[in-house]
Amino acid sequence: MNIIVTGGAGFIGSNFIYYELEEHPEDRIICLDNLTYAGNLSTLEMAMKASDFRFVKADIANREAVYKLFEEEHPDIVVNFAAESHVDRSIKDPSIFLQTNIIGTGVLMDACRKYGIERYHQVSTDEVYGDLPLDRKDLFFTENTPIHASSPYSSSKAGADLLVLAYYRTFELPVSITRCSNNYGPYHFPEKLIPLMISRALANRPLPVYGKGENVRDWLYVKDHCKAIDLVIRKGRSGEVYNIGGHNERTNLEVVKTILRVLGKPDNLISYVTDRPGHDMRYAIDPAKIHSELGWMPETKFEDGIKTTIQWYLDNRKWWEGILTGEYT
Ligand code: NAD
């Protein structure tokens with residue numbers, strides 16, 4: 001099969017490419033990425049050595065470039081990871097989020113309609129459901145939870161999800177959507193919570209924590225996410241949404257303290273900063289549907305995954321230091 005993976009030079013997309021190359025060496029992978037600040041070609045260095053891998057630098061919202069790629073590669077599956085993904089950036093300037101996350105998704109699906117496809121898969125987020133109160137530990141997001149996005153980022157992802165489902169209903173395009181909780185693991189861009197805290201702790205610099213650090217996220221090791229997407233694109237039902245989550249809820253403060261403990265650094269590096277506007281309180285996924293239909297379960301415990309991740313950042317300083325200095329651009 002020919003699989004186009006968009007956004008494959010970013011965090012989860014690159015992990016997915018490595019997962020596919022290992023698990024399905026018979027497939028050809030074409031990565032389409034326009035290398036924004038979040039895309040890093042050095043992340044794909046090992047993939048470049050594989051014979052059935054191709055990298056193409058282009059914008060998913062560029063119709064001409066996308067159609068040309070479809071004519072050249074005749075993809076069977078498209079997995080769309082490409083997105084502007086940082087909430088704080090979406091608060092500063094929402095416009096590029098609408099362009100990439102919504103218009104780009106529309107262009108990819110138009111190409112799928114024009115040239116034919118077995119499956120278009122949209123990688124979405126649990127943030128489309130909004131947030132849950134901290135004092136209702138009994139509540140979880142299911143696939144039937146109403147869309148109730150809070151930030152320009154999550155509302156652009158929600159808009160894209162609605163468009164995907166509309167293309168299924170209106171044009172019978174074979175689509176699927178996964179909505180995942182927060183990921184962590186190798187190749188995570190150092191502006192995001194876990195790699196940011198690791199890099200700052202290693203430099204003995206203050207670790208900025210929003211508000212009181214009470215916000216709860218459901219952390220999933222990135223490889224578990226990749227496995228879930230792989231199952232959905234190959235065995236999941238068309239027209240369906242699948243939630244993916246790890247039942248690994250932690251407050252931001254707990255995550256930061258765990259990182260300090262593993263690195264042997266003191267808690268007084270923590271610096272509490274003014275909270276993010278509209279900051280979602282708690283995300284928690286109910287993954288019962290993907291478990292019962294496709295047998296997926298998270299395999300990595302947070303305690304193990306965080307140690308593996310920290311070790312990866314210790315072993316791959318060149319990768320993230322190049323990002324912090326801007327050398328990678
Ligand atoms: P990321 O920011 O690390 O990577 C995004 C990639 O997309 C980059 O390589 C970037 O160059 C590329 N890109 C951006 N705009 C593009 C465009 N217009 N055309 C082509 N390529 C473009 O993001 P990530 O954390 O890997 O997230 C991937 C996807 O998963 C996103 O859709 C995100 O919404 C979703 N998601 C992320 C998480 C998480 O915890 N990181 C959780 C759930 C869902």
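**Surroundings of Y242, the parallel sheet and the aromatic pairs**

Leaving aside residues up to four places away in sequence, Y242 touches E143, I177, T178, R179, V232, G236, R237, K289, I290, E293 and L294. The model analysed here is a predicted one, and within it Y242 belongs to strand β11, which spans residues 240-244. With a relative accessible area of 0%, Y242 falls under the 20% limit and is therefore buried. Two of the contacts listed above can be described in further detail: K289 lies over the face of the Y242 ring, at 4.9 Å from the ring centre, and the backbone nitrogen of R237 is placed 2.9 Å from a polar atom of the Y242 side chain. In addition, Y242 and D286, although separated by 44 residues in sequence, have their C-alpha atoms 9.8 Å apart in space.

The strand that carries Y242 is part of an open sheet of seven strands, arranged in the order β3-β2-β1-β4-β5-β6-β11 with parallel pairing. Strands β3 (53-57) and β11 stand at the edges of this sheet and have a single partner strand each, so that one side of each is left without a neighbour in the sheet. On average, and with direction ignored, neighbouring strands of the sheet are turned by 20° against each other. In general, the strands of a sheet pair through backbone hydrogen bonds, in either a parallel or an antiparallel manner.

The partner of β11 is β6, and the two strands run parallel, joined by five bridges; S176 stands opposite E240 of β11. Further into the strand order, β4 (residues 77-80) and β5 (residues 119-125) pair in the parallel sense over four bridges, and the bridge partner of I77 in β5 is R119.

Despite its position at an edge of the sheet, β11 is mostly covered, five of its five residues being buried. In a regular strand the side chains alternate between the two faces of the sheet. For β11, both faces are covered, with E240, Y242 and I244 buried on one side and V241 and N243 buried on the other. Helix α5 lies across β5, β6 (175-180) and β11, and runs at about 155° to β5.

Turning to the aromatic residues, the count of ring pairs in the model comes to 17. The rings of F70 and Y115 have their centres 6.0 Å apart and their planes at 35°, an angle that lies between the limits of 30 and 60 degrees, so the pair is classed as tilted. This pair links distant parts of the chain, since F70 is located in helix α2 (residues 63-73) and Y115 in helix α4 (residues 95-115), 45 residues apart. F70 is buried, with a relative accessible area of 1%, whereas Y115 is partly exposed, with a relative accessible area of 29%.

An edge-to-face arrangement is found for F97 and Y153, whose ring centres are separated by 6.4 Å and whose planes are at 80°. This pair also links distant parts of the chain, with F97 in helix α4 and Y153 in helix α5 (residues 152-171), 56 residues apart. Both F97 and Y153 are buried. Elsewhere, ring pairs join Y18, Y187, W312, Y313 and W319 into a cluster. A charge placed over a ring, as described for K289 and Y242, is also found for R282, whose charged end sits over the ring of F140 at 5.5 Å from the ring centre.

Key: Residues numbered from 1 in each chain as written. Predicted model: local features only at pLDDT ≥ 70, side-chain atom pairs only at ≥ 80, totals over all residues. Heavy atoms only, no water. Phe/Tyr/Trp six-rings, centres within 6.5 Å; stacked < 30°, edge-to-face > 60°. Buried < 20%, exposed > 50% of the residue type's maximum accessible area, 1.4 Å probe, protein only. Lys NZ or Arg CZ within 6 Å of the ring centre and 35° of its normal. Contact = heavy atoms within 4.5 Å. Polar contact = N/O pair within 3.5 Å; in protein donor to acceptor, adjacent residues only side chain to side chain. Pairing = 2+ DSSP bridges. Axes fitted to C-alpha atoms, helices over the stretch in contact; angles between N-to-C directions.
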